[in-house]
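Please find below a short note on the structure, set out as numbered points. The points take up the ligand surroundings, one sheet and two loop residues in turn.

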Amino acid sequence: MAYTQVASSLKERITQQARDLGFDEVRVASAEPFVEDEEAAQERVHQGFMGGMPWFTQERVQSASDPQALLGGARSIISVALSYLPSEEAIPNPSTVSSYVELAFPPPSSPSPFKGEGIASLGKVARYAQWSDYHGVMKEKLRILSAELPQLAGRPVRSRVFVDDSPLLERAAARRAGLGWFGKNTNILTSAHGSWVFLGALVTDLALEPDEPLKKSCGDCVRCIPACPTGAIVAPYVIDARRCISYLTIECQGTIPRPLRPLMGDWVFGCDVCQEVCPVNSGAAAATIPVLKRTNLSALELVPLLSMSPQEFSVRLRHTPIQRAKLVGLQRNACVALGNIGDPWAAPALGQALMDGEPLVRGHAAWALGRIGGPEARRLLEQALEGEVSGEVREEIEAALAEHTD
Ligand code: B12
Ligand code: SF4
Ligand code: SF4
């Protein structure tokens, strides 16, 4: 396809407009089907690696790999990235990765809304969720860009906005546009902002000159693979989502498989380990224009979460990505994290959750008490077993008692 000088300067104007709206990276890809990405994604579905996300079907992958199916007449994809690295954590050239990791997770400096009495047991929240929900903000900015296209192009323009929840392989588009490259942890790594970016796209019928994919790769590095706590990176560029803590704490709506629980550490929402260890992230720059609002949710106090009411949940976590886990999911996650922290101080609160919580929470509270051990935990488990009516929860209590140590 021949691209005129006019088209190229149009691209520059669009790029500038997107940057003015706050996007940190803006590049253009052609709207050809993503053949190899489709094959890879279909293979993941076929292998069951996307299991537990019933919406991630083979049909979805098919249309998500074909921009024409998403917008008739699609010619180009404007791929955008928005950094979510807080400016105080953008550390230029730290001497070692481990010091970066320490600095990247300081104890929360501002008071958490979940402050309870006694010793705080904190659960870690993935960095992307420590901001106001990006979906609305990015979609709004892409809609503004979309509305400006006809004026910039001097003709009617059709376009469609994609941010996360709509079916487009956003990483594939970003890679083709040269916005970044695939890391072995499957994240898109950008040169300036590392992988700490949200992706979005505007698929349009404008024929814009495509950018070239970057000639960058992870090289010999494999650091993220053994670092993954649950072994979810089963091969370079392949995630078994069923094992990923991000899936387990956010997308999974049921019981977390028992063998995975001890590996999840104190993550209560999402996981950043494979990004924290990545050397590309050690010199990452923060957002150029701060468009997202930072919350004080870098860590959640776990014990108060166990007794949080639905009203409190919706008021305190409104407009944050954490809402997606739902209250019952977050309480389940809190039990797992408390079991892994292993502080007997949490036993009474877990005992209460074992009596009052939803069956999903009761089962995980039993597991946590089994992990914590000691006479108080045994007493609470035995007492709960007497009145428990759910077969699944009874089974969890019995397993916890069998594994329990005094
Ligand atoms: C489903 C999903 C998940 C699932 C599955 C993750 C996964 N790896 O697929 C779960 C819940 C586990 C998840 C977790 C996370 N996610 Co998520 N997720 C998505 C979603 C909705 C779809 C992703 C998808 O299509 N997966 C299908 C699989 C097969 O894709 P893939 O593993 O990336 O594989 C691709 C390549 O490896 C490639 N490939 C493989 N082999 C080959 C060979 C060749 C030759 C080629 C060319 C390509 C190729 O093909 C695949 C398709 O492009 C996207 C949003 C979107 N609409 O795209 C966000 C998205 C990918 N997630 C995002 C984020 C931020 C996260 C987390 C970091 C959140 C967190 N901190 O907890 C973690 C990261 C975990 C990880 N290491 O991937 C960002 C990624 C930003 C980035 N820099 O890459 C996205 C784009 C959301 C957004 N709009 O910003 N996520
Ligand atoms: S997000 Fe965590 S659990 Fe998922 S692949 Fe990365 S390190 Fe593993
Ligand atoms: S840790 Fe190494 S292998 Fe993993 S994504 Fe980063 S550069 Fe690639």
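1. The residues of the shell around ligand 1 comprise 22 nonpolar, seven polar and eight charged ones. The model is a predicted one, and the remarks that follow should be read accordingly. In total, 37 residues surround ligand 1, and the closest are Ala40, Ala126, Ala172, Ser246 and Gly270. Two or more residues of this shell come from each of helix H2 (35-46), helix H7 (170-176), strand E7 (197-204) and helix H9 (245-251). H2 provides the largest share, five residues.

2. The shell around ligand 1 also involves two domains. At least three of its residues are drawn from each of domain 1 (5-87 + 131-204) and domain 2 (91-130 + 221-280 + 295-403).

3. Where does ligand 3 lie with respect to domain 1 and domain 2? Both domains give residues to the shell around ligand 3, so this ligand lies between them. The surrounding residues are Gly183, Lys184, Asn185, Cys218, Cys221, Val222, Arg223, Cys224, Val277, Cys278, Pro279 and Val280. By class, this shell divides into eight nonpolar, two polar and two charged residues.

4. Three strands form an open sheet in the order E10-E3-E11, and the pairing is mixed. Strand E10 (267-269) and strand E11 (299-301) are the edge strands; each has a single partner strand, so one side of each is left without a neighbour in the sheet. From one strand to the next, the twist averages 45°.

5. Within this sheet, strand E3 (residues 122-125) and E10 run parallel and are joined by two bridges. Lys124 has Trp267 in E10 as its bridge partner. Helix H13 (residues 326-341) lies across E3 and E10, and its direction is at about 175° to that of E10.

6. Two loop residues merit a check of their backbone geometry. Most residues other than glycine have a negative phi. Asp164, although not a glycine, has a positive phi of about 65°. Asp164 is located in the loop between strand E4 (159-162) and H7. Is Asp164 buried, exposed or partly exposed? Asp164 has 14 other C-beta atoms within 10 Å, and it is partly exposed because this count falls between the limits of 12 or fewer for exposed and 20 or more for buried.

7. His319 is likewise not a glycine and has a positive phi of about 65°. His319 sits in the loop between helix H12 (310-316) and H13. With 13 C-beta neighbours inside 10 Å, His319 counts as partly exposed.

Terms used:
Residues are numbered from 1 along each chain as its sequence is written. Chains are lettered from A and ligands numbered from 1 in the order in which they are written. This is a predicted model: local features need pLDDT of at least 70, side-chain atom pairs count only at pLDDT 80 or more; totals for chains, interfaces and linings use all residues. A residue is near a molecule or strand if its C-beta atom, placed from the backbone, lies within 6 Å of it. Helices (H or I, at least four residues) and strands (E, at least two) are DSSP runs, numbered from the N terminus. Ala, Val, Leu, Ile, Met, Phe, Trp, Tyr, Cys and Pro count as nonpolar, Asp, Glu, Lys and Arg as charged, and the others, Gly among them, as polar. Domain bounds come from an automatic or database domain assignment. Two strands pair if DSSP finds at least two bridges between them. Axes are lines fitted to C-alpha atoms, for helices over the stretch in contact, and angles run from 0 to 180 degrees between N-to-C directions. Two residues are in contact if their C-beta atoms, placed from the backbone, lie within 7 Å.
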